[in-house]
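Here is a quick tour of a protein–DNA model, for anyone who likes to poke around contacts and backbone oddities. Have the viewer open while you read.

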Protein chains: 2
Amino acid sequence: MAQKVKLSTIAETLGVSTATVSLALRDSPLVAVSTRDRIKEQARALGYIYNRRAASLRTSRSGIIGVIVHDIMNPFYGEILKAIESELDRSQYTFILSNHYDSVEKQRNFIETMLQLGGDGIIMSPAIGSPPEDLELAEENGMPVILVARTIDGVTLPGFRGDDSYGISLATNHLISLGHKVIAMVGGTDQTSTGRDRYQGYVNALRKADIEVLPDLRIPGPRTRQGGFEAAVHFLSLPQKPTAAVCWNDLVAIGLMNGIARAGLVPGVDISVTGYDDLEEASIATPALTTVWNGQSEVGRLAARALLDRLAGSHDPDGLHLIKPEMRIRQSTGPLKPRR
Amino acid sequence: MAQKVKLSTIAETLGVSTATVSLALRDSPLVAVSTRDRIKEQARALGYIYNRRAASLRTSRSGIIGVIVHDIMNPFYGEILKAIESELDRSQYTFILSNHYDSVEKQRNFIETMLQLGGDGIIMSPAIGSPPEDLELAEENGMPVILVARTIDGVTLPGFRGDDSYGISLATNHLISLGHKVIAMVGGTDQTSTGRDRYQGYVNALRKADIEVLPDLRIPGPRTRQGGFEAAVHFLSLPQKPTAAVCWNDLVAIGLMNGIARAGLVPGVDISVTGYDDLEEASIATPALTTVWNGQSEVGRLAARALLDRLAGSHDPDGLHLIKPEMRIRQSTGPLKPRR
DNA sequence: CTGAAAGCGCTTACAG
DNA sequence: CTGAAAGCGCTTACAG
């Protein structure tokens with residue numbers, strides 16, 4: 001590579017000052033149009049590459065936004081990311097993506113890296129057990145934080161997620177209305193607000209229908225396709241013989257249905273299964289999955305908007321914004337059959 | 001936020017020079033241990049945040065590695081990314097992830113952004129139709145590029161991917177050995193090297209077995225679960241009545257199996273289906289998918305290593321490194337049945 | 001409309 | 001083992 005071309009190279013070859021070049025390249029109205037055109041033309045001809053580090057050091061804005069979630073390979077987060085990406089795409093921000101896999105340490109590392117890079121803001125789905133101090137560290141150093149999908153007790157940052165308790169009650173009520181009485185809940189964990197809310201929504205719906213809540217009918221843990229698949233054995237061997245399962249999410253539901261099918265039963269006929277999220281693949285599962293839309297696209301879009309607004313100076317009210325989930329009835333649920 | 005703490009703040013409060021602080025924080029042996037400890041302690045106490053932009057401006061190394069692929073939500077790329085991530089995790093690099101969705105423009109933007117940020121290197125799966133100049137732009141500016149999953153004609157950068165032609169012939173031969181003679185190929189595109197290689201591998205395997213190659217048996221296009229699902233209608237209405245399908249990848253195969261099941265046929269019994277990639281979900285599909293392992297984890301690991309080596313100064317030979325695919329026989333393929 | 005100069009916060013020879 | 005000083009490549013008052 002040849003000699004590095006910088007602002008001053010352009011300035012010298014054109015006999016103007018670096019100040020003029022700097023202004024011209026950023027389309028400042030202070031520079032005469034003819035000068036600007038000459039400068040831009042020269043920049044192109046020389047193959048000039050703008051040095052964002054230098055600019056950022058001077059202005060203390062980096063144009064970088066950090067996004068960290070549990071796992072970008074999980075389509076639930078993937079759909080949120082896609083919405084964030086398309087919202088940020090129109091702006092001039094570059095975004096840095098990362099997984100924390102629920103490691104508080106990885107998350108802290110990420111926040112620190114963003115701080116070191118002078119990141120302008122962070123959108124995050126906090127790791128299980130995130131200490132509020134870690135998030136405050138960002139805010140205290142002038143880097144705003146927006147929460148998605150999960151919230152943390154004792155933290156009042158702006159947050160966007162679905163109304164889990166309400167959403168899971170939609171699924172549970174749907175099964176109850178089909179005549180099911182022995183309904184298991186498969187997957188999830190009490191360690192997240194989401195996990196607690198969904199279990200609570202399930203419990204509430206059963207109680208309201210005067211159905212006894214049996215702790216054994218809860219199979220906690222699974223959160224992936226693989227987890228749901230493996231839980232099928234446990235599910236099918238429950239002595240109470242559940243006729244339906246409210247699953248933690250679509251992935252668990254799809255895995256569970258595969259496991260049920262392997263055992264020779266027909267999901268949607270012998271056993272009713274509901275998912276949660278309404279991922280793109282829910283509708284093409286076999287059978288097509290009855291599930292609850294969890295507003296991923298809205299969560300991502302609103303979070304990105306909120307951050308952009310905040311960076312533009314406006315200060316929206318903090319606190320939680322709940323997206324209202326919606327029921328999507330398909331073929332994985334059906335009326336209660338006579339005892340199996 | 002209080003007054004910004006910088007190197008000089010630490011230096012002043014301790015009565016030493018910034019040079020000493022800088023060296024101490026980076027564990028230079030030039031600094032006395034006692035001095036170093038005092039400095040580190042003070043940095044912690046003051047809540048010092050290292051300014052990477054300033055350092056990077058000075059050293060012209062940023063510690064940033066860019067990774068761009070077609071779509072991180074596609075599990076095939078997800079698995080590659082995971083391998084890259086775990087390899088890079090041990091190093092001190094931050095990585096910036098992005099999708100190009102096969103838009104050459106998005107890809108060029110990404111390369112330019114990396115250049116502006118002073119990125120140390122890029123790992124990429126190039127967009128369809130990538131002009132060699134775009135990749136050369138990076139190299140010319142001192143930013144090394146490593147290719148994964150796809151390569152580009154006329155570009156001699158180091159590249160890592162599976163041996164597609166060989167791999168697809170494994171799948172095709174497996175079906176032939178089960179007695180199938182009317183074998184369709186579902187998905188993929190001629191616009192990528194991968195697409196051309198896989199089709200060629202399929203054609204070669206058929207020819208070698210003296211089976212006529214019928215162009216109508218190729219259903220190009222699908223690359224996703226949704227695409228495979230939708231292709232089922234076309235597949236099932238082919239006048240030649242294929243008894244087996246060699247699919248572009250696992251996602252297409254899973255989608256196709258779902259579509260076949262919807263039509264009342266049993267994949268693995270009525271119609272044999274092979275996938276490609278051996279994603280994590282291949283083994284839990286129903287039926288478990290017969291497929292070809294495409295070495296995602298190896299591709300990611302080796303690419304990351306190659307870049308790290310290059311950044312450390314060693315200059316590995318350029319050119320293509322092919323990973324040898326392996327057959328994974330499961331339940332989605334079976335012996336030819338009497339005519340359906 | 002344009003230029004001269006200071007400064008963002010580091011690191012790196014260089015000197016002692 | 002430590003310090004004084006220059007410089008990375010920008011942007012921003014300030015002056016004209």
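In which loop of chain B is D102(B) found? D102(B) is in the loop between β2 (94-99) and α6 of chain B. That spot is worth a look: phi of D102(B) is near 60°, a positive value in a residue other than glycine. Most residues other than glycine have a negative phi, and most peptide bonds are trans. Keep in mind throughout that this is a predicted model.

**More backbone oddities**

On to the peptide bonds. In chain A, the bond from T286(A) to P287(A) is cis, with omega near -10°. P287(A) sits in the loop between β9 (272-274) and β10 (291-293) of chain A. Chain B has a cis bond too, from T286(B) to P287(B), with omega near -10°, and P287(B) lies in the loop between β9 (272-274) and β10 (291-293) of chain B.

**The annotated domain**

For chain A, an unreviewed UniProt entry lists residues 5-59 as "domain: HTH lacI-type". Over residues 5-59 of chain A, the chain is 69% helix and 0% strand. The C-alpha atoms at the two ends of that stretch are 21 Å apart.

**DNA strand C**

Now for the DNA. Strand C has 26 residues around it, and the nearest are T35(A), R58(A), L7(B), S22(B) and R58(B). Which parts of the strand face the protein? Of the strand C atoms within 4 Å of the protein, 70% belong to sugar or phosphate and the rest to bases.

The elements giving at least two residues each to the surface near strand C are α2 (18-25) and α4 (52-59) of chain A, together with α2 (18-25) and α4 (52-59) of chain B. The largest share, 4 residues, comes from α4(B). By class, this surface divides into 14 nonpolar, 8 polar and 4 charged residues.

As for base contacts, a polar backbone atom of R58(A) is 3.5 Å from a base oxygen of strand C.

**DNA strand D**

Strand D is surrounded by 25 residues, the closest being S22(A), R58(A), S17(B), T35(B) and R58(B). Here 71% of the strand D atoms within 4 Å of the protein belong to sugar or phosphate, and the rest to bases.

The phosphate contacts of the two strands fit in a small table.

| Protein residue and atom | DNA partner | Distance |
|---|---|---|
| S17(A), polar backbone atom | phosphate oxygen, strand C | 2.9 Å |
| T35(A), polar side-chain atom | phosphate oxygen, strand C | 2.8 Å |
| L7(A), backbone N or O atom | phosphate oxygen, strand D | 2.9 Å |
| S17(B), polar backbone atom | phosphate oxygen, strand D | 2.9 Å |
| T35(B), polar side-chain atom | phosphate oxygen, strand D | 2.8 Å |

Which element gives the most to the surface near strand D? That would be α4(A), with 4 residues. The residues near strand D divide into 14 nonpolar, 7 polar and 4 charged.

**Where the two protein chains meet**

Let's leave the DNA and turn to the protein–protein contact. Chain A puts 50 residues into the contact and chain B puts in 50 residues. Between them, the chains bury about 4400 Å², with 56% of that on carbon and sulfur atoms. On the chain A side, R53(A), M73(A) and I284(A) lose the most area to chain B, together 18% of what that side buries.

How many salt bridges does the rule find across the interface of chain A and chain B? There are 6, while a search of the whole structure finds 48 over all chains. One salt bridge joins the side chains of K106(B) and D89(A), at 2.5 Å from N to O. That pair crosses between chains, from helix α6 (residues 104-116) of chain B to helix α5 of chain A. In another, the side chains of D71(A) and K82(B) meet at 3.1 Å, N to O.

Polar contacts between chain A and chain B come to 22 residue pairs, both residues at pLDDT 80 or more. The elements that each supply at least two residues to the side of chain A touching chain B are α4, α5 (75-89), β2 (94-99), α6 (104-116), α10 (225-236) and α11 (250-262). The largest share of that side, 7 residues, comes from α5(A). By class, the side has 22 nonpolar, 15 polar and 13 charged residues.

Conventions: Residues numbered from 1 in each chain as written. Chains lettered and ligands numbered in written order. Heavy atoms only, no water. Near = heavy atom within 4 Å. Polar contact = N/O pair within 3.5 Å; in protein donor to acceptor, adjacent residues only side chain to side chain. Nonpolar A, V, L, I, M, F, W, Y, C, P; charged D, E, K, R; others polar. Contact = heavy atoms within 4.5 Å. Buried area = accessible area lost by both parts, 1.4 Å probe. Salt bridge = Lys/Arg side-chain N within 4 Å of Asp/Glu carboxyl O. UniProt positions renumbered as here; feature names shortened; annotations may be inferred.
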